[in-house]
Amino acid sequence: MSEGPQNDGSENAAVGTVYLVGSGPGDPELLTVKARRLLEEADVVLHDKLPGPEIIGSIPEETREDVGKRAGGEWTPQEYTNRRMVELAREGRTVVRLKGGDPFVFGRGGEEMEHLASEGIPFEVVPGITSAVAGPGTAGIPLTHRDHASSVSFVTGHEDPTKDESAVNWAALAATGGTIVVLMGVGKLPEYSRALLDAGMDPETPLALVERATWPDMRVATGTLGSAEATRDEAGVEPPAVTVVGDVAASYGRVREFLANDRVTDALADGTEEDATEEDATEEDAGDAE
């Protein structure tokens, strides 16, 4: 790959490399070996909110820069993040752009990759475990099952607000059957659950909401497509969360007693769950949910 523009006009100055790194769903032990090594070697880590408090807290404060978004709070424009990656690389820095889940699953990794290429900046993609799979899996929900689902569809619940209309064909998804996994879909849950019902999907179809998958305060709420909004509101589910629609969502109830993932809490167990204290990431941040 070309070295790209030279730092400060000097022909001898090296341009740094930007690593687009997926952090997985949030559990530090689910970081890839390569991701952990790059975080230790990086000069600067530009991170979102979704890598989770434990992963972010493990990065030296002097090397990390928060370019994430919070609901109703701080918001970093994508243009700033793009510009910052280029600036740092042209200073000869090794830059990790740390994202939740996988960079290329609703994580704007594609946009950032193209921007770096247009500016002549060397980059490398380091895939991560997507929360679309890890979230349900940690909650004992298999996305495919020989008895229940032979296909799975991944969809975003938070599209670009500048679009004239949604690019998601909810009617086609309802007709396809199988499992539907919605990332960044907490806020729009009433709209897309209604769209699926209007398309003829059975209101008794099982549904699960997996909040903060693999984080210390992970929770799971279950219900049906017909009771989707009530399930969300009764449990107080907030972003980031993954929505699973389909027969496999009922698996959580069948296995929860023996599920050894010690981070999982039933959000509706006794109604005494305290509100999470960590600031919420917005659904735009997300990435993958990433």
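In this predicted model, Gln78, Thr81, Asn82, Arg83, Met85 and Val86 of helix 3 meet Glu111, Glu112, His115 and Leu116 of helix 4. By residue type, the contact of helix 3 with helix 4 divides into three nonpolar, four polar and three charged residues. The points below begin with this helix pair, then turn to the open sheet, to strand 7 and to Gly178.

**Helix 3 and helix 4**

- Helix 3, which covers residues 78-90, packs with helix 4, which covers residues 109-118, at an angle of about 45°, and their axes lie 10 Å apart.
- Because angles between 35 and 65 degrees fall outside the parallel and perpendicular ranges, helix 3 and helix 4 are oblique to each other.
- The crossing in which helix 3 passes helix 4 is right-handed.

**The open sheet**

- An open sheet is formed by five strands in the order 3-2-4-1-5, and the pairing within this sheet is parallel.
- Its edge strands, each of which pairs on one side only, are strand 3 (64-66) and strand 5 (123-126).
- From one strand to the next, the twist averages 20°.
- Three bridges in the parallel sense pair strand 2 (residues 44-47) with strand 3, and in this pairing Leu46 has Glu65 of strand 3 as its bridge partner.
- Helix 4 packs on the sheet, where it touches strand 1 (18-22), strand 4 (95-99) and strand 5, and the direction of helix 4 makes about 175° with that of strand 1.

**Strand 7 and its neighbours**

- Strand 7, made up of residues 179-183, is mostly covered, since five of its five residues are buried.
- In a regular strand the side chains alternate between the two faces of the sheet.
- Both faces of strand 7 are covered, with Thr179, Val181 and Leu183 buried on one side and Ile180 and Val182 buried on the other.
- Strand 6 (residues 152-156) runs parallel to strand 7 and is joined to strand 7 by five bridges, with Thr156 standing opposite Leu183.
- Strand 10 (residues 241-245) runs antiparallel to strand 7 and is joined to strand 7 by four bridges, with Val181 standing opposite Val244.

**Gly178, ahead of strand 7**

- Gly178 lies in the loop that links helix 6 (170-176) to strand 7.
- With a relative accessible area of 27%, Gly178 is partly exposed, because this value is neither under 20% nor over 50%.
- Although Gly178 and Val152 are 26 residues apart in sequence, their C-alpha atoms are 5.6 Å apart in space.
- Leaving aside residues up to four places away in sequence, Gly178 touches Ala149, Ser151, Val245 and Gly246.

Definitions and conventions. Residues are numbered from 1 along each chain as its sequence is written. This is a predicted model: local features need pLDDT of at least 70, side-chain atom pairs count only at pLDDT 80 or more; totals for chains, interfaces and linings use all residues. Side-chain values use heavy atoms; hydrogens and water are left out. Axes are lines fitted to C-alpha atoms, for helices over the stretch in contact, and angles run from 0 to 180 degrees between N-to-C directions. Helices (H or I, at least four residues) and strands (E, at least two) are DSSP runs, numbered from the N terminus. Angles under 35 degrees count as roughly parallel, over 145 as roughly antiparallel, 65 to 115 as roughly perpendicular and the rest as oblique. A crossing is left-handed if the near helix is turned anticlockwise from the far one by less than a right angle, and right-handed if clockwise. Contact means heavy atoms within 4.5 Å. Ala, Val, Leu, Ile, Met, Phe, Trp, Tyr, Cys and Pro count as nonpolar, Asp, Glu, Lys and Arg as charged, and the others, Gly among them, as polar. Buried means under 20% relative accessible area, exposed over 50%, partly exposed in between (1.4 Å probe, protein chains only). Two strands pair if DSSP finds at least two bridges between them.
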